[in-house]
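Visitor: I'd like a close look at a single part of this model, and then a walk outward from there. Could you take me through it slowly?

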Amino acid sequence: MKERELRGLVGKVKAGKLSRRGFVQAMMAVGIGAPAASQILLSSGVAMAQSPSTYKPTKRGGGGPLKLLWWQGPTLLNPHFAVGTKDQDGSRLFYEPLAAWDPDGNLKPKLAAEIPTKENGGLSADGLTVTWKLKQGVTWHDGKPFTADDVVFNWEYAKDPATAAYTIASYQDVMVAKVDQYTVTVKFKKPTPFWADAFVGTRGMLIPKHLFADYIGAKSRDAPTNLKPVGTGPYMFKDFKPGDLVTGVMNPNYHQANKPYFDSVEMKGGGDAVSAARAVLQTGEFDFAWNLQVEDEILSRLEKGGKGSVSVTPGGNIEFLLLNTTDPWTEVDGERSSLKTKHPTLSDPEVRKAIALLVDNKSIQDHIYGRTGPATRNFLYGPPRFDSKNNPIEFNVDKANDILEKAGWKKGADGIRAKDGKKLKFVYQTSINQPRQKTQAIIKQAAQKAGIDIELKSVTASVFFSSDVANPDTYTKFYTDLEMYTTTMGQPDPGTHMLQFVSTEAATKANKWQGRNITRWQSPEADKLYRETEAELDPVKRAASFIKLNDLAIQNQIVMGIVQRPTVSARTAKLNCNISGWDNNTSDLSDWFKDA
Amino acid sequence: MQVHRVSRQYVIRKILIMIPSLLGISVVLFALLALAPGDPFDELATNPAVPPEVRAALRAKFGLDDPVWMRYWHWLIALLQGDWGFSFVSRMDVSTLIMQRLPVTLIVIGASQILAILIAIPVGVLAATRPYSLFDQIANTFAFIGFSLPTFFTGLVLILVFSIQLDWLPFVYRADIAATGWEFYWEHIKQSIMPVAVLGLFQGAALVRFVRSSVLDVIRLDYVTTARSKGIGERKVITRHVVRTALIPVVTLVALQMPIVFSGAIVTEQIFRVPGIGSLLISSMLANDTPVVMGVTFVSACLVVIFNLIADILYGWLDPRIAFR
């Protein structure tokens, strides 16, 4: 669907000629998912329909205990220090942001009275200011009122580099000001299309000013409240043993009527994913288990008992293959894979095309990941509004052979293709992880049939994913021809995700290999597209640029999506919970309940 | 029976030797941990949302940028003042973390040690008094099976049978149980049965073999024959004369195993989610939380050294033939 047609439809909805539902259906017909469609309407000034609440209980409490099983337990409970999802999920039992992301990638108000839009004056036309109206009458667990001062304080706390908050990136470049007791503004230095970062979702949880004010900056680690959270959330803190157990009791003054349903909550940690799945699906000892990185085959078997079910929540995490654009085997100025080099064989686009034809995503999904890894060629696939339809999966060994043959890569006596004395021999690295080794094997086998020799290398995860500048085997150094890992996308906005394709982000010795562009791809065209997304306030045009950027990278075989990595969790049969791939597992905990 | 006096000089000398050996152990542990790959703030480096400055600030805050010898020196000085360090990951004192885990560890691992001893001594003694009898053969077979099967296997089998098939016992250990009175104890016992059984049987199996061979050694000695020829009943010969002597090495062995009670059982704790020291150690290792790893391993090392001393002293006290010089 062209941009102009889209705008026509939006206009009809605005004029009341087309219903929201009609619009969403029209969009679905052309392959734009419901969430994307509603986002388009929202940004075009048509109020977002709150997804109808499915919450049934008519009074607060009475639901007994809610037992959550996280096979890695939370180790700290200050949301500004919580880097891992386990810590954020644990903090989220007690703390809340202004707004949360729902499963469709839309905002749902928590401590905000409403979601800022252009219509309600929350978003300025120039994209420089967001005005948040806070919910009134909310109290912290200790009875003190929640006000604009708390919101401003969180900004001051997180942006101070001495505090060393993990959330600093969301706060350091904005200005936050109190307008009145229940209104704050967030001001940006330049027009910012993705404004819903500070105070929203995983990095937006708010801590109380009156308990943290004395512990800002260097003293941050000494705050007693770091270990005894006092928030506004549906449950109040009871006990915490790092790595083992977090417990809470119902907040009798929670700011939403009839919530929460459960009298208490406990989050148990430790053990492994398979037995966590068992404790929910087979014995029913627990109500919910998180992040089940378990083979789908095993999950399906456990599900057969009927005590619970597995849910797969789509997000943006992607397991993908990277093709080095630089030469990993030549050292220049003390670094391999230097920007000053070109890969000896992968620089031939025909070789890249052939490799793309040798990646059998479908088999990888069918034989390895199942429901937990739907095949995709895209690097950017979620939320659905960014999912490109232009990159079909093609696996064809004959065609790959053909392409290589035509490009002059001839098979030698050893069956390996070569040209001008350069052989098609590659080293392909990833971390040690069974599904990854199986994937490597599938790709190696196909490559062999096309006369490409692939040497497999697997590195211990703790080394591969480390930032140790002295170690040559880290994924950011990328001292091999091919590599594979999963990159996570924590927010429904692809801004950071797509830095992978920006020239200046190349990982090099100069930036201690902390750049986000691991393949070191240098493309003026990609840079231009990325710059467009940074300034474009119109979400429709912006999404189009992101899709183009994804297509450019995929069609030049810079990277290749292998499978999506959705969040997999297990719940007992009676538990009703909405899990969002764009926010913490516990982001909607206030609305969880069990069928009677 | 005359109690042999352990000379005070001997004990003092032993304690003085402990100090350099503990220092040596701490140097080795610290150096190993410093050399090991990984960094507690690694997770930050792979997280696009966290700017590198935050990581740098944290490293500076926790003194990770100092040279190794300086970090060791700070650690040692703090330790002498009773400060075990500060966890990078949980942002709390290492001693608090260890103390949180200690009661559960002592209860579960302690109970399994007691179970092991309670099984091993009677079975070992009985097997040795009737060598190569049917009972001995059966006991031997089970002992072999017992210590050949790894705990992760027996643990899983028990879970499959008692939790999943029969649905009798829970397999997730919970340190705080929301119950009072008898129910509280009953719940605790119920959840402890499987981990205690797995560990107790594993250690008991090895101990059975040890007790058996130790009793067999003694039972052939002349003084036992003398006792028998004096007309003392078989039962009395075994309990009074044989077991007493035969158990001397067993006591040493058990004393040396005591530090294990503290350091927990990593595998079993992991399977049953027992929040003990072992699971603290493994999760801290995985998170590169070096102060905690250092704390736990060093406490274990101290206990090993101390219990070695205790075993030495006990040995001399039980066996007057040993002389201390």
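Guide: Let's start with B:Glu234: is this residue buried or exposed? B:Glu234 has 11 other C-beta atoms within 10 Å, so it is exposed, since a residue with 12 or fewer such neighbours counts as exposed. Keep in mind throughout that this is a predicted model.

B:Glu234 sits in helix α10 of chain B, which runs over residues 234–263. Now compare sequence and space: B:Glu234 and B:Leu149 are 85 residues apart along the chain, and their C-alpha atoms are 36 Å apart.

Just before that helix, there is another one to look at. Helix α9 of chain B covers residues 222–229, and of its eight residues the number buried is zero, so this helix lies largely in the open. Right after α9(B) comes B:Gly231, with a positive phi of about 90°.

Step back and take in chain B as a whole. Its secondary structure comes to 13 helices and zero strands, so to speak an α written again and again when you read along the sequence. The C-alpha atoms fill a box of roughly 85 × 60 × 40 Å along the principal axes. Of the 325 residues of chain B, 35% count as buried. Among the contacts in chain B with a separation of 6 or more, 73% come from residues 24 or more positions apart.

Where does chain B meet chain A? There, 44 residues of chain A are in contact with 40 residues of chain B. On the chain A side, the elements that give two or more residues are α6 (168–171), β7 (235–241), β8 (245–250), α8 (273–281) and α14 (461–464). Sort the residues on that side by type and you get 17 nonpolar, 16 polar and 11 charged.

Two of those names, β7 and β8, lead us into a sheet of chain A. It is an open sheet of seven strands, in the order β7-β8-β9-β1-β10-β20-β11, with mixed pairing. Its edge strands are β7 and β11 (308–313), each pairing on one side only. Strands of a sheet pair through backbone hydrogen bonds, either parallel or antiparallel. Inside this sheet, β10 (residues 288–289) and β20 (residues 567–572) of chain A pair in the antiparallel sense over two bridges. You can pick out A:Phe288, which stands opposite A:Arg571 in β20(A).

Chain A has another open sheet, with five strands in the order β17-β16-β18-β12-β19 and mixed pairing. Here the edge strands are β17 (453–459) and β19 (559–564), each with a partner on one side only. On average, neighbouring strands of this sheet are turned by 25° against each other, ignoring direction. Look at β12 (residues 318–323) and β18 (residues 482–487) of chain A: they pair in the antiparallel sense over six bridges. The bridge partner of A:Leu323 in β18(A) is A:Leu482.

Follow the chain on from β12 and you reach A:Thr325, in the loop between β12 and α10 of chain A. Is A:Thr325 buried or exposed? A:Thr325 has 23 C-beta neighbours inside 10 Å, so it counts as buried; the cut-off for that is 20 or more. Leaving out residues up to four places away in sequence, A:Thr325 touches A:His343, A:Thr519, A:Arg520, A:Trp521 and A:Ile558. A:Ser338 is 13 residues from A:Thr325 in sequence and 9.5 Å from it in space, C-alpha to C-alpha.

Another helix of chain A shows both kinds of residue. In α12 (residues 397–406) of chain A, the buried residues are A:Ala400, A:Asn401, A:Ile403 and A:Leu404. Why are they on the same side of α12(A)? Because they cover an arc of only 165° around the axis. The cover over these buried residues includes α10 (349–357) and β14 (417–419) of chain A. On the face turned away from the buried side, α12(A) carries the exposed residues A:Asp398 and A:Lys406. After α12(A) comes A:Gly408, with a positive phi near 90°.

One last thing is how far to trust the picture. Chain A has a mean pLDDT of 89, and 91% of its residues reach 70 or more. Over residues 45–49 of chain A, though, the pLDDT is below 50, and this stretch has 13 contacts in the model beyond near neighbours in sequence. Where pLDDT is low, the predicted coordinates should not be read in detail.

Conventions: Residues numbered from 1 in each chain as written. Chains lettered and ligands numbered in written order. Predicted model: local features only at pLDDT ≥ 70, side-chain atom pairs only at ≥ 80, totals over all residues. Helix = DSSP H or I, 4+ residues; strand = E, 2+ residues; numbered from the N terminus. Arc of directions from axis to C-beta. Contact = placed C-beta atoms within 7 Å. Nonpolar A, V, L, I, M, F, W, Y, C, P; charged D, E, K, R; others polar. Pairing = 2+ DSSP bridges. Axes fitted to C-alpha atoms, helices over the stretch in contact; angles between N-to-C directions. pLDDT = per-residue confidence, 0-100.
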